[in-house]
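Here are a few short exercises to work through with the model open beside you. Try each task before you read its solution.

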Amino acid sequence: MTRPNAAAGPEDLIKIYRTSTLIKQTDEAIRGLLRRGRLQANYYSPRGQEIVAAAMAATLQPDDYVVTIYRGLHDHLAKGVPLKALMAEYFGKVDGSCKGKGGCMHITHPEAGVMVTTGIVGSGMPIANGLALASQERKDGRVTVTNFGDGATNIGSFHESMNLASLWKLPVVFLCQNNLFAEHTATELCTAGNIVDRAKGYAMPGILVDGNDPEAMYAAARQAVDRARDGEGPTLIEARTFRFEGHNYGDPSSYIPKEMMAEAKANDPVPKLRALLIERGIATEDEVAKIDADAAAEIAEAVTFAQESPYPDVAENLSDVYATVLENA
Amino acid sequence: MAEITCSQATQQALDEAMAADPTVLVFGEDVADPEGGGIMGSTAGLSTKYGSRVRSTPISEQAIAGAAVGAAIAGMRPVAEIMLMNFITVAMDMIVNHAAKTRFMSGGKTAVPLTIRTMSGAGIGAGGQHSDMYEAWLAHVPGLKVVVPSNAADQKALLKSCIFDDDPCIFVETTYIQFVKGEVPDDYEAPLGKAKVSREGTDVTIVGYGRPILDALAVAEKLAAEGISVEVVDLRTVMPWDQETVFKSVAKTKRAVTLHEAVVQFGVGAEISSRIHEELFDTLKAPVQRVGSMNTVVPYSAPLEQNFMWSQDKIEAAIRRTLERK
């Protein structure tokens with residue numbers, strides 16, 4: 001069923017741009033810190049995938065749940081994890097969203113609905129079902145979005161989770177951010193058929209969308225989110241996108257054809273949306289320039305905050321292992 | 001007082017927990033009434049009484065354990081059943097990487113108050129993939145609690161303690177004793193992390209848990225006839241284990257034997273033995289002895305399986321070894 005009013009309005013597009021430019025600039029700042037040796041982290045850049053997260057988040061309520069993966073900066077910022085808490089966590093500082101104890105691969109911020117960030121490929125999906133099961137039993141109207149890459153569609157948990165979610169009509173959106181490479185292996189070399197077609201096998205709708213197109217992505221997300229919220233069950237979205245910075249920071253991406261990378265960068269979705277806003281008269285050059293400048297200022301402030309924040313006390317090693325610290329631990 | 005089986009004890013614990021707290025959910029393979037209320041009848045009647053809070057699942061251990069993790073993070077108290085302990089191997093990522101670590105990695109922002117019920121144990125000819133005891137693996141993971149009851153009263157009380165505990169608990173029901181009946185007083189409680197001195201004695205302490213406690217008590221009774229006084233400490237909770245009760249007992253008897261169903265090598269007995277030596281080396285009159293199953297695959301053929309398993313003879317021999325030094 002196609003739902004009415006599923007199109008992104010001007011305000012939605014501005015919101016998506018504001019989020020996208022924040023993600024893009026934060027990623028650039030983090031890579032700059034890594035390059036200069038100011039930060040040490042296993043970092044998985046989402047550069048190039050900003051629109052997928054920003055458009056999805058524009059369709060969500062503040063208390064909806066999000067589950068994501070180690071490449072999760074874009075999902076975290078889009079859902080509203082405060083930049084200071086996020087940056088301090090990257091630095092392993094006590095003011096981080098997890099007191100520095102989880103790190104950049106395990107951001108958790110329930111206040112923003114970011115419930116789990118997993119470092120294990122495919123493991124977010126079974127947990128997302130559980131969050132959605134809680135919502136279904138409590139009838140709280142929440143939707144859970146679980147993000148994963150194309151590589152995760154070849155692990156058993158994807159299939160177990162899709163089956164269970166469909167069977168129980170759980171309010172889940174399975175958002176596959178297909179960036180065309182599973183670690184260093186091209187998707188077509190490790191994935192039989194089209195990912196979106198796997199939805200059919202589990203009796204749920206599958207939507208194939210250009211994840212870098214903000215309007216198409218918003219419409220796809222909106223349809224899946226509304227369906228879940230209405231109690232009709234899960235949807236699989238395959239959002240085609242691309243990552244500019246390889247699998248992890250320092251990956252020279254030698255396995256990506258040069259022409260492919262050049263073409264993707266020529267179609268960088270964030271400046272493209274910026275141009276679209278001006279071209280359509282949704283915002284002026286001055287207005288988008290201010291959005292960019294606001295993001296830059298916020299990032300600079302967050303980096304300073306994170307660098308100045310203290311490290312956690314070593315006593316933190318024994319707290320939060322259990323609800324109460326065990327004697328004789 | 002009426003006697004009930006351990007399986008019935010589980011059923012009563014689940015029923016009482018679900019009646020007391022609407023956040024308690026039960027799911028797993030075949031647990032709902034149309035599917036028989038569980039292979040042991042441990043969940044019989046619950047789906048009829050509590051509707052969608054009790055659900056039969058596909059044979060999908062990752063999905064079962066993952067749903068428990070997610071529901072727990074969202075504030076529910078799920079009780080997931082992984083039918084047999086060997087099948088936990090299929091769900092280890094959810095248990096080890098997620099259930100156990102989520103509280104710490106989130107800086108305490110998210111808790112995982114789930115319980116995973118599972119069953120295992122040798123001695124019924126189930127062979128190599130339906131009989132293993134893997135509690136040592138799980139006890140080795142920071143963040144998990146592991147409970148192995150030895151009788152109906154403890155099974156009921158400890159299961160409720162697990163359900164209402166704020167940490168992820170693995171609750172192991174040993175296959176053989178599920179058919180054994182015992183008295184369950186109405187007001188009986190068993191907190192996690194507290195051992196029970198099942199029999200008092202003065203010459204040697206047996207520290208164990210689960211089904212072999214029955215054998216320890218039988219051996220203690222037998223040796224009493226020749227004047228050997230055996231104290232039996234039933235740990236009940238494997239992690240965190242009650243070091244205070246164990247050290248107090250061994251400080252008194254000065255001799256100890258550890259006992260469990262699992263194979264001896266790298267087992268829970270090794271940790272207990274090590275800690276006793278660290279704390280009470282100067283008090284001990286003999287090295288701590290360990291009893292468990294043989295370091296091999298659980299065999300099918302009955303004589304092989306009997307040979308593989310711990311036994312009352314092996315317990316008695318271990319006790320006598322501790323008594324050789326005066």
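**Exercise 1: the neighbours of a strand**

In this predicted model, strand E8 (residues 235-240) of chain A pairs with E4(A) in the parallel sense, over six bridges. Find which residue of E8(A) is the bridge partner of A:Phe174, and then look at how strand E3 (residues 144-149) of chain A is joined to E4(A).

Solution. Start at A:Phe174: its bridge partner in E8(A) is A:Leu236. Now turn to E3(A), which runs parallel to E4(A) and is joined to it by six bridges. On that side, A:Cys176 of E4(A) has A:Phe148 opposite it. Finally, add helix H6 (residues 156-167) of chain A: E3(A), H6 and E4(A) make a right-handed β-α-β unit.

**Exercise 2: two faces of E4(A)**

Sort the residues of strand E4 (residues 172-178) of chain A by the way they point. Are they buried or exposed?

Solution. In a regular strand, side chains alternate between the two faces of the sheet. Here A:Val172, A:Phe174, A:Cys176 and A:Asn178 point one way, while A:Val173, A:Leu175 and A:Gln177 point the other way. All are buried, so seven of the seven residues of E4(A) fall in the class that needs 20 or more other C-beta atoms within 10 Å.

**Exercise 3: one residue in chain B**

Decide whether B:Val233 is buried or exposed.

Solution. First place B:Val233: it sits in strand E11 (residues 230-234) of chain B. Next, count: B:Val233 has 30 C-beta neighbours inside 10 Å, and therefore counts as buried. Its contacts beyond four places in sequence include B:Ala195, B:Ile206 and B:Val246.

Notes
Residues are numbered from 1 along each chain as its sequence is written. Chains are lettered from A and ligands numbered from 1 in the order in which they are written. This is a predicted model: local features need pLDDT of at least 70, side-chain atom pairs count only at pLDDT 80 or more; totals for chains, interfaces and linings use all residues. Helices (H or I, at least four residues) and strands (E, at least two) are DSSP runs, numbered from the N terminus. A residue is buried if 20 or more other C-beta atoms lie within 10 Å of its own, exposed if 12 or fewer, and partly exposed in between; C-beta atoms are placed from the backbone. Two residues are in contact if their C-beta atoms, placed from the backbone, lie within 7 Å. Two strands pair if DSSP finds at least two bridges between them. A crossover is right-handed if, with the strands pointing away from the viewer, the path from the first strand over the helix to the second runs clockwise.
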